[in-house]
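User: Good morning. Could you take me through the structure shown here, step by step?

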Amino acid sequence: MGDPLSTDFVEAVAGFATGVVVLTVRDGRDDLGTTVTSFMSVSLEPPMVLAGVASSSYLTEVLHRRERWAATVLAVGQRALAGRFAAEGRPSARLLLASEPHHRGSLSDALLPDTGLAALECETRQTIEAGDHTLFIAEVLAADYITRGEKPLIRVNRRYLGGE
């Protein structure tokens with residue numbers, strides 16, 4: 001990624017503010033998860049979202065096998081949680097959530113933190129290979145909780161905005 005266009009592109013998109021989501025999925029006996037900032041609503045009828053995940057990741061492999069997963073929209077006070085799920089070589093999602101109140105989604109069987117702005121249980125309807133990422137377009141099966149009094153965690157210029 002050493003050419004000038006790639007460098008300019010990285011800088012340009014780093015300045016685009018995005019919400020922060022933790023995506024989780026259960027794969028047999030293990031739980032996986034990652035922090036994503038490529039997440040958006042794509043349809044109201046039916047309710048659908050899109051999540052972009054690095055194609056080379058083990059999580060992408062699992063999401064091709066497991067159609068149901070969950071997305072938790074993080075609140076400003078969850079900066080540390082976002083960082084834990086974004087770390088290289090992270091352990092099981094179960095360990096990452098050990099100190100956080102959490103539960104399993106009734107429809108996805110994925111781990112969901114009990115706090116955040118919203119938790120969505122999703123089922124993949126379509127996948128699209130897009131460069132070095134795979135886009136998972138999913139129908140939202142349930143909104144586990146919605147918190148309106150919190151502010152969202154935002155990422156811009158490679159930093160999370162807001163404090164603990």
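The conversation below goes through the strands, the helices and the cores.

Analyst: Please note that this is a predicted model, in which local features need pLDDT of at least 70 and side-chain atom pairs count only at pLDDT 80 or more, while totals for chains, interfaces and linings use all residues. Residues are numbered from 1 along each chain as its sequence is written, and side-chain values use heavy atoms, with hydrogens and water left out.

User: Thanks. What is the order of the strands in the open sheet?

Analyst: The order is β3-β2-β6-β9-β10-β5-β4, seven strands with antiparallel pairing. Helices (H or I, at least four residues) and strands (E, at least two) are DSSP runs numbered from the N terminus, and two strands pair if DSSP finds at least two bridges between them.

User: Which are the edge strands?

Analyst: They are β3 and β4 (39–44), each of which pairs on one side only. Neighbouring strands in this sheet are turned by 35° against each other on average, direction ignored. Here axes are lines fitted to C-alpha atoms, for helices over the stretch in contact, and angles run from 0 to 180 degrees between N-to-C directions.

User: How many bridges join β9 and β10?

Analyst: Twelve bridges join β9 to β10 (residues 133–146) in the antiparallel sense, and I128 stands opposite L135 in β10. The two strands form a hairpin with two residues between them, and G131 in the turn has a positive phi of about 65°.

User: And what does β9 do with β6?

Analyst: Strand β6 (residues 68–73) runs antiparallel to β9 (residues 118–130), with six bridges between them. In this pair, R68 stands opposite E123 in β9.

User: Where does α2 lie?

Analyst: Helix α2 lies across β2, β3, β5, β6, β9 and β10, running at about 60° to β2. Helix α3 (residues 79–86) lies across β2 and β3, at about 115° to β3.

User: Now the interior. Which residues have the most contacts inside the largest nonpolar core?

Analyst: They are V25, V49, L59, L63, W69 and C122, in a core of 18 residues. Such a core is a set of buried Ala, Val, Leu, Ile, Met, Phe, Trp, Tyr and Cys residues joined through side-chain atoms within 4.5 Å. Buried means under 20% relative accessible area (1.4 Å probe, protein chains only). A second, separate core has twelve residues, including V20, V22, F85 and L153.

User: What does V49 touch?

Analyst: Leaving aside residues up to four places away in sequence, V49 touches several residues, among them W69, L120, C122 and F136. Contact means heavy atoms within 4.5 Å.

Definitions and conventions: Buried means under 20% relative accessible area, exposed over 50%, partly exposed in between (1.4 Å probe, protein chains only).
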